[in-house]
Structure formats: structure tokens, C-alpha cells
Amino acid sequence: MKPSPVHQAEVAERLQRLEEKFAAMGQDLTSYLDGLLYADYLTYWEYVELDTLLSLQKPRTPFPDELIFVTYHQITELYFKLIIHEIRQIASHPSLTADFFTARLIRINRYVHLLIDSYDVMVHGMERDQFLKFRMALLPSSGFQSVQYRIIEIMATDMTNLVLPEDQGTLGRTSPVADLYETIYWKKGATELATQQKTLTLRQFEQKYSPQLLQLGEEYRTNNLWQRYQQLDKEATNQDLIGQLRRFDHLLNIQWKLSHLRSAVQYLQNDPVVIEATGGTNWQQYLPPIRQQIRFFPELWSDEERNEWGKIAKLTKS
Ligand code: HEM
């Protein structure tokens, strides 16, 4: 089919713009056009790196349900990646507005909501007998070692909010990041009280990630979501933004943690015996949000709401 004069004019106009673009960088457009001429069309499988993606699920045992376990962890990590991507945009925005902040939080909350909604894949989607066997081949690894989860926490709030009130002592918002980091709630959860011995799972994690997390803590001291919220012109903030901040706090620190706790109850609670967690924590004491009392934005909750934090009827196997 012969191109119409209108089409030809459009092509000429694009070429002119391209010429200007490349000239501005001292580049020769014709060489780039040659590149286009020889380049292959992009395919879907190349774009999404399908072969690589599908090569990453590598169960360590022959139990079929382990594929579900490893794949669902990876799916979760991908959503964590998207959450971090959105938080970073809020943190680094040069002229942050309440609208931009709110729109990005809505995305974040959508991702967390999806994770909560899909969590039954873990709770009901695997045979318990298989789970209890294949997990022994995964020792001492644990989702506890998810660095992206810890990154989300550090990017969300002041590190003081990740330290339990009873451990805060003289620590405050301006205390050295290293001191705050050492008393963070999840380190306590993975430290045996009597001996102060850290679990191997925690020691491995610290060795690999502590330098990176300490640096992030420094970087996000003034840039975390709570700080960014406070830096906004108060006239410009609105109830939507506050609502989305509260929703994020509630979704991640209560609802996701409760969904997750449900999987531990489902597989590791064998009344009256409690099966040891792969990460070695006393998980019944450590995991429930009512015990953790972690809130990213404590100032946005009333005393009554704080008192009710994480309260639910006893979780039982279903
Ligand atoms: C059958 C499924 C699961 C069970 C039974 C389970 C069990 C546990 C247990 C017992 C802990 C406490 C640490 C330990 O001693 O190991 C833990 C922590 C954790 N797990 Fe899982 N988990 C499951 C699935 C997942 C999934 C799919 C993720 C997603 C990445 C995940 C992420 C985490 C995180 C982030 C922590 C730390 C939570 C905190 O510090 O409050 N877990 N898990």
C-alpha cells in the first residue's frame, strides 16, 4: 500500500525531531536508523524475560508442593519490589504534593491488599505433610530474612517506631542509627532472652545485610514516609492522605502479619506441641501483631485504636 501524503508528512516531521534530538548529543541519526533497520522486532517472551523468570523456581526436594512455596515467596518479593519503587518516588520527589503522595500510597495499598487476599495460597494451598517434610531441607532459611520487608519498614517510618517502647530507654529519633538498628524489634524476636544468643538465621542476615540497612537508615532518617508527610504544607494535606497512611499501617502491620501468622498456626501448631520454626524464633510469642505493636505512624492512631492494635479472637487451624 502506498503511503498517503499525510503519512509521509508525519514521517518527515518525526525524522526532523529525531535529527534534532541526536544532533543535540553530537550523534549521527543515520547510524541509529541503520540500527533500527537491522534490529529484530521485540517479542513478549524477550520483554518479560520469560525463560529466565521460569528458571528461577528451584525446589530443593521432590515434594510437588514445594514449587508453590518457593513461587509464592517470589511473587511476594516482586510485590515488595513494587512497594519499594513507589516509596522511593515519594521519598525523592522534589516538590511532593499530597495528591502525588496519596496516589502512590493507593498503589502501595493495592499491592499489600493483593498479598493479603492471595495469602490463602500459603494457608490452604499446600499439603501439611509435604510442607512439614520439605521445610526441613530449607533450614535455617526463613522469610524472616526477607531484606525487602526490612527495607519497606525502614523507608516507611522513623527507626524509633521499629523499637519496642520497653527497649527504647534513652533512645530517640535523633539517636545514632546504629544504636536504633541494634534494638530493632525483629532482632529481639530472634534473640534468646536468657542467653542473649542470636539465632543463626539472624546472624546470617546481619552479616549479609546490616551495612546496607544501616546506610538506608541514615538515608531515610529525613526521607521516610512519616517524615515526608510531616514536611508537607499542612494546608495541603487532606483526609485522603491520612486515610491511606493509616490503611498502609493497618494492612501491613496487622492484616498481612495476621494472614502470615495463620500459615504458621496452620502448619506449625500441633496442639499441644508447637513445631519449631525454621528461623528458630519462638514464633508464637514473636509473630502476633498484638505482641509486636509495630506501627509506622503512631501519631495517626487514637489511644483507643492503639489499645485495640492486633486484637483478634484466638487463631485456630482450619
Ligand atoms: C507456610 C508458609 C509460611 C510459614 C509457616 C511461615 C513461618 C514463619 C515463621 C515461623 C516466622 C518467624 C521467624 C522464624 O523463626 O522462622 C516467619 C517470619 C517471616 N516470614 Fe514467614 N512463613 C510462611 C510464609 C511466608 C511468606 C510467603 C513470606 C513472604 C515473603 C514470609 C515472610 C516472612 C517475614 C517477612 C517474616 C518476618 C516477620 C516479622 O518480623 O514480623 N513468610 N515466617
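## Helix α15 and the ligand shell

In this predicted model, α15 is the element that gives the most to the shell around the ligand, with 7 residues. His260, which is placed in helix α15, is the only protein donor of the ligand's iron atom. The donor atom is NE2, at 2.0 Å from the iron.

The shell as a whole holds 29 residues. Ser142, Lys257, His260, Thr281 and Tyr286 are the closest of them. By residue class, the shell divides into 17 nonpolar, 10 polar and 2 charged residues.

## Pocket and polar contacts

The ligand sits in the largest pocket of the model. Two or more residues of the surrounding shell come from each of α5 (66–92), α9 (147–156), α15 (239–268) and α16 (283–286).

Oxygen atoms of the ligand make polar contacts with side chains and with the backbone. On the side-chain side, an N or O atom of arginine 150 is 2.8 Å from a ligand oxygen. Lysine 257, listed among the closest residues of the shell, also places a side-chain N or O atom 2.8 Å from an oxygen atom of the ligand. At glycine 279 the partner is a polar backbone atom, with a distance of 2.8 Å to a ligand oxygen.

## Domain division

The chain is split into domain 1, covering residues 5–39, and domain 2, covering residues 67–307. Taken over C-alpha atoms, the centres of domain 1 and domain 2 are 49 Å apart.

His260, the iron donor, falls within the 67–307 range of domain 2.

## Backbone features in loops

Which peptide bond is cis, with omega near -10°? The bond from leucine 139 to proline 140 has this geometry. Proline 140 is located in the loop between α8 (128–134) and α9; α9 is also one of the elements that give two or more residues to the shell around the ligand.

A further backbone feature is found at glutamine 196, where phi is positive, at about 60°, although the residue is not a glycine. Glutamine 196 lies in the loop that runs between α12 (185–189) and α13 (200–219).

How values were computed. Residues are numbered from 1 along each chain as its sequence is written. This is a predicted model: local features need pLDDT of at least 70, side-chain atom pairs count only at pLDDT 80 or more; totals for chains, interfaces and linings use all residues. Side-chain values use heavy atoms; hydrogens and water are left out. A residue is near a molecule or strand if one of its heavy atoms lies within 4 Å of it. A polar contact is a pair of N or O atoms within 3.5 Å; within protein, one must be able to donate a hydrogen and the other to accept it, and residues adjacent in sequence count only if both atoms are side-chain atoms. On a 1 Å grid over the protein atoms alone, a cavity is a set of points where a 1.4 Å probe fits but cannot get out, and a pocket is an open set with protein on both sides within 12 Å along at least five of seven lines; lining residues have an atom within 4 Å of a point. A molecule sits in a cavity or pocket if more than half of its atoms lie within 2 Å of its grid points. Helices (H or I, at least four residues) and strands (E, at least two) are DSSP runs, numbered from the N terminus. Ala, Val, Leu, Ile, Met, Phe, Trp, Tyr, Cys and Pro count as nonpolar, Asp, Glu, Lys and Arg as charged, and the others, Gly among them, as polar. Donors are N, O and S atoms within 2.8 Å of the metal (3.2 Å for Na, K and Ca); water is not among the atoms, so sites may look incomplete. Domain bounds come from an automatic or database domain assignment.
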